[in-house]
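Reader: I'm new to looking at protein models. Could you show me how to read the empty spaces and the ligand site?

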Amino acid sequence: MLRKTRLFTPGPTPLLPAAQQAMAFYDMHHRTADFRALLTRTLADLKEFIGTKNDILILASSGTGAMEASVSNLTSPGDKVLVLTAGKFGERWTGLAKAYGCAVEVLSAPYGETFSLDEVKSKISGAKVVYMQGTETSTGARHDVQGVAKLVRAETDCLLVVDAITGLGTTHFDVDGWGVDFIIGGSQKALMIPPGLAYCAVSEKAWQRMETAKNPRFYFDLRKERKSQVKGETAYTPATTLIAGMGAALTHIRQMGNGDLVEGRKALIDSAEMCAELTRVAATALGLKLFAAKFPAAAVTAITVPENIDSSALVKDFRESFGAVVANGQGEMKGKLIRVAHLGYYDYLDTVAFAAGLEQVLSRAGAPVVFGTAVKAVQEAYARKTAAKPELAGVKS
Ligand SMILES: *Cc1c(COP(=O)(O)O)cnc(C)c1O
């Protein structure tokens, strides 16, 4: 039986064909007018995609590079920073802030949950930066960025940094309205291109902090990078092909909004929300529990597998039988969860395919599955939702 590869992982995600073509043909030298035009246009489009007036930077690194930059550029050794963590990516903030000598206050919530704002409030005093995720990819939970932003803004000299690496393109953020000082994205998530680029939007307040922050930085000295990027250049050799791909992906998102990139972003987010909701419908129909049931993200859904089944076996069967790559739980959650993403270039029929595959792998692992249960539930929910809101079905991609 033929098997197509299907990436259902929360990064890397399926590639947009138009972006693949743009990357295959891009052989421009970076110190040229053509490249400057590409970078300038891509940065301007990214602003609309993120929804901010703040300056944007594109960095040649995975997402973690921009996370590290937000620590090295905004903090000094001994600074109190507050890390909000409820999963593996939250824990990355703790590791990073400790590596740069910050006095790290950690507020953690159990995996699959989110923090109470009252607790944030009780710990925020004196913090120079609050670090959090928009969506915690290891658990599938969504955090309340708006609520935390309000608390940060009540402080006199505190910045909010949001790892929105899977949040951007799947979650509605009002970056400037809420006051997010530093928001981070990655190329291999909702932007539908390969890994290798991080991007971030930085507020004026955060730029000012960089002038006094004392931690060391060189490659990721964002002030140097900003000076170059406003001229359409980069401090070092940029990942030119990936930037060409990113430009094509943003053009595609603009087309999803009939020429309006902000509308296109909303359509992309609505699409992720819809696929996520239908995935929850599929899992629930099969009697499975959602790991982050109370605050589910649209980026990724973590499904708890029955106790007598090891999720590693399901992940393996998905890959070997169907060429479908789903993610296991990370760390302590390994063997207990499967995680399926609905990020970027992922559509309704992908959701149906996942539901159908899930029935097969569960059944083979010994769970009592009535075939069609998940698929039927998904189909019915889709019909209901698109009857109520026809535009949900109508976004050409
Ligand atoms: C993918 C991801 C990252 C970045 O990981 P890299 O491997 O460095 O690209 C960071 N945070 C979250 C929430 C993610 O989903």
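**Spaces inside and a ligand site**

Author: Let's begin with the largest cavity, which holds about 100 Å³ of space. Keep in mind that this is a predicted model.

Reader: How many residues line the largest cavity, and which are the closest to its centre?

Author: To read a lining, look for who sits around the space. Here 13 residues do the job, and Ile58, Leu59, Ala60, Tyr219 and Glu225 are the closest to the centre. Strand β2 (residues 55–60) gives the most, with 3 residues. By class, the lining has 10 nonpolar, 2 polar and 1 charged.

Reader: What is the volume of the second largest cavity?

Author: About 50 Å³. Its lining includes Thr139, Arg280 and Phe291, and strand β12 (residues 300–304) gives the most, with 3 residues. The classes there are 7 nonpolar, 3 polar and 1 charged.

Reader: Okay, now the ligand. Which residues are the closest to it?

Author: With a ligand, start with the shell, then go to single atom pairs. The shell has 13 residues, and the closest are Ser62, Thr64, Thr137, Asp163 and Lys189. They split into 3 nonpolar, 7 polar and 3 charged for the whole shell.

Reader: And which atom pairs should I look at?

Author: Try the side chain of Ser62: one of its N or O atoms is 2.5 Å from a ligand oxygen. For Asp163, a side-chain N or O atom is 2.6 Å from a ligand nitrogen. The protein covers 87% of the 380 Å² of accessible area that the ligand has on its own.

Reader: Which element gives the largest share of the shell around the ligand?

Author: That's α3, with 3 residues.

Key: Residues are numbered from 1 along each chain as its sequence is written. This is a predicted model: local features need pLDDT of at least 70, side-chain atom pairs count only at pLDDT 80 or more; totals for chains, interfaces and linings use all residues. Side-chain values use heavy atoms; hydrogens and water are left out. A residue is near a molecule or strand if one of its heavy atoms lies within 4 Å of it. A polar contact is a pair of N or O atoms within 3.5 Å; within protein, one must be able to donate a hydrogen and the other to accept it, and residues adjacent in sequence count only if both atoms are side-chain atoms. Accessible areas come from the Shrake-Rupley method with a 1.4 Å probe; for residues, only the protein chains shown count as cover. Helices (H or I, at least four residues) and strands (E, at least two) are DSSP runs, numbered from the N terminus. Ala, Val, Leu, Ile, Met, Phe, Trp, Tyr, Cys and Pro count as nonpolar, Asp, Glu, Lys and Arg as charged, and the others, Gly among them, as polar. On a 1 Å grid over the protein atoms alone, a cavity is a set of points where a 1.4 Å probe fits but cannot get out, and a pocket is an open set with protein on both sides within 12 Å along at least five of seven lines; lining residues have an atom within 4 Å of a point. Grid points are joined across faces, edges and corners, and a volume is the space filled by probe spheres set on the points.
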